[in-house]
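These exercises go through a structure of two chains step by step. Read each task, try it on the structure, and then follow the solution.

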Amino acid sequence: MIEGGTMVRGAANGDRAAAERVTLAVLAGLLLLVAVMAIGVGPSGLSPDRVVALLAAGPGTDRFPASESIIVWQIRLPRVLMGAIIGAALAVAGATLQGLFRNPLADPGLVGVSPGAALAAVAVIVLGNGVLAPLVQPLGIFALPIAAFVGALLSTFLLYTIATRGGRTSVATLLLAGIALGAFSGAITGFFLFLSDDNQLRDITFWTLGGLGGTTWLKLFACGPIMLAAVLASPVLARGLNALTLGESEAFHLGLEVQRMKTLAIVLVAGAVGASVAAAGIIGFIGIIVPHLLRLAVGADHRFLLPGSALLGAALLVLADALARTVAAPAELPIGIITAAIGAPFFLWLLLRRRGLLGV
Amino acid sequence: MRIHQIFGMIGLAFGLIAAFPSFADEGSDPQRIVSVGGAVTEIVYALGHGDAIVGVDSTSTYPPEARAKPDVGYMRQLSAEGVIALQPDLLLIEQGSGPAEALSLLKASGVPVITVPSGHEAGALRSKIATVAEALGEEEAGAELGQTVMEELESLKADLEAIEDRKRVLFILSLADGRPTAGGAGTGADAMIEMAGGLNVFADVEGYKRLSSESVATLRPEVIVMMDRGTAAEHGSTDPFAIPALAASPAGEAEALIRMDALFLLGFGPRTPAAARELAAKLYPERIEAGSSESASQ
């Protein structure tokens, strides 16, 4: 009897592990396919073999017209890479936060990342020619991304300090203080909005919509490594996040260093989201939808969920950006519209089919 | 197999686009112009080069032919590849267009980029026209157009000189949610009211700001000026006198409301003297004649 029971459980685990491996392989293939397609398409009429030839020729070649080389090397390639890295970083950050807070609605706003970044960015847009000029002018066009990143990290650090007493971080305090700090940042941001003139207001609007239109190699080299490091480091958290689903004290009794894990998770999320906001503004939706899609489809084991989220998030954002560039060509659509338009119906369909599986 | 079909279709699209003529030689007579900014596009048309325009931004709504051109999006949110795809041999952008990254990519790809200064004064209008004219190799026609515009503004100014009792004007940008947003100092609306001989009652405030009901009582506007968007696109009422504070103002009692087309009124292009005269004629119907400056609006 007992032996039989163990065998059944073992077989079920084996099935699940196999399904997870297959899913990861499929997602990796999907990402590769989407990335190749995204480099191949755009509003300018470059044939696919021309794109391959341009890629093979290397950047700055004089065998092709400068405009074609620039389209492939300076516009499409950095955008596709940036899209993949940001998509992966946002999805992993979302999965991590949802695990940490044991709350399916957790998003970077809760740990102060987005409100802090938004406040700093709006301050730079509105006061950049006034009070903040000595700080902003020398940084040139990098003032905005740098400010967003610093704002995200500072407000996360502040929140973490508030929620930590005697070496223990209270997740509940973090959640509530996050809401209070978010409201306060929102108030100051609103005041800056009031001060802003017509042009500044439009800059702010487009910045908050987010998008990959301003991607350059320089931004990729500046922000990419931080996000990449966070994505690659995230599997370290998998076992801890799995244990945390049982509850915090239970995780502690399982021999887990809960406090160290929380610190690592928050640093990782702040870095990943801060860098993504700095590079492309606020891109919503990916962080919430991607981890849930995978939970519904395959399961909630973080050892699978974290790398799976990275792959699916990357593929979804690259696909969304490719559509954003081409659908309304020669203009560009805001990317948030497309991520939501692709992801939301699919998510609802999964939710209806597998009602109740989220356990919420 | 579905993938094959998709790639096949993409390949076909590529083939069609590749059939377009290649980059034209750089010269003083551009053949493929992308024009960004409502006023810039109007000037290009006024100088007779409208046919060479291959793309405009979403703020270029006049003349009506401009709307039929491919739209490269909002002037502050241009797509570098989208513009390059139109193979322009001249890119005219109004100051303030962006983003900066897209503009630097466009310059690097060899598209000649000319930035047209923006501004709300008569002098800025003239340098706008001069900049566009030079880029088109139409210096003479440009100088003539600039001269006409200045003369028309001067003649309006002269006509207005005799008027002692200036009308108190309030420009309302929007009435969204029943809360009016008014034009203060430094806005295009402020400059237009000034040109038309009115007195902007909201000039103590910088930029476009929400107007509190209480302050309307102290501003005592005699005339309300609004943009005519053709349809009731805004949610809520577009009738300013539905707001009690505005209904109780001198403008409300006299039902003095002037509506004008947005780009005509605030575009600051070649039609600006005509717009200023039209506004002045509506403000002072007995004193100013409308329609004597139609020439610049062609």
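**Exercise 1.** Find how many bridges join strand 1 of chain B to strand 2 of chain B, and place these strands in their sheet.

Solution. Strand 1 (residues 33–36) of chain B is joined to strand 2 of chain B by three bridges, and the two run parallel. Strands here are DSSP runs of E with at least two residues, helices are runs of H or I with at least four, and both are numbered from the N terminus. Two strands count as paired if DSSP finds at least two bridges between them. Within this pair, B:S35 stands opposite B:V56 of strand 2. Next, take the whole sheet: four strands of chain B form an open sheet with parallel pairing, in the order 2-1-3-4. Strand 2 (53–56) and strand 4 (113–116) of chain B are the edge strands, each pairing on one side only. From one strand to the next, the twist averages 20°.

The model is predicted: local features need pLDDT of at least 70 and side-chain atom pairs count only at pLDDT 80 or more, while totals for chains, interfaces and linings use all residues. Residues are numbered from 1 along each chain as its sequence is written, and chains are lettered from A and ligands numbered from 1 in the order in which they are written.

**Exercise 2.** Determine which strands of chain B helix 5 of chain B lies across, and at what angle it runs to strand 4.

Solution. Helix 5 (residues 122–136) of chain B lies across strand 3 (90–94) and strand 4 of chain B. Its direction is at about 165° to strand 4 of chain B. Axes are lines fitted to C-alpha atoms, for helices over the stretch in contact, and angles run from 0 to 180 degrees between N-to-C directions.

**Exercise 3.** Locate the cis peptide bonds that precede B:P63 and B:P99, and a positive phi at B:Q87.

Solution. Start with the general expectation: most residues other than glycine have a negative phi, and most peptide bonds are trans. The bond joining B:Y62 and B:P63 is cis, with omega about -10°. B:P63 sits in the loop between strand 2 and helix 3 of chain B. From B:G98 to B:P99 the peptide bond is also cis, with omega near 0°, and B:P99 belongs to the loop between strand 3 and helix 4 of chain B. Then turn to B:Q87, which is not a glycine but has a positive phi of about 50°. The loop between helix 3 and strand 3 of chain B holds B:Q87. B:Q87 counts as buried because it has 21 C-beta neighbours inside 10 Å; the cut-off is 20 or more other C-beta atoms within 10 Å, with 12 or fewer for exposed, partly exposed in between, and C-beta atoms placed from the backbone.

**Exercise 4.** Describe the side of chain B that touches chain A.

Solution. First count: 31 residues of chain B are in contact with 29 residues of chain A, where contact requires C-beta atoms, placed from the backbone, within 7 Å. Helix 1 (2–18), helix 3 (80–85) and helix 4 (100–108) of chain B each supply at least two residues of this side. The largest share, six residues, comes from helix 3 of chain B. Finally, sort by class: 17 residues are nonpolar, ten polar and four charged. Ala, Val, Leu, Ile, Met, Phe, Trp, Tyr, Cys and Pro count as nonpolar, Asp, Glu, Lys and Arg as charged, and the others, Gly among them, as polar.

Key
Contact = placed C-beta atoms within 7 Å.
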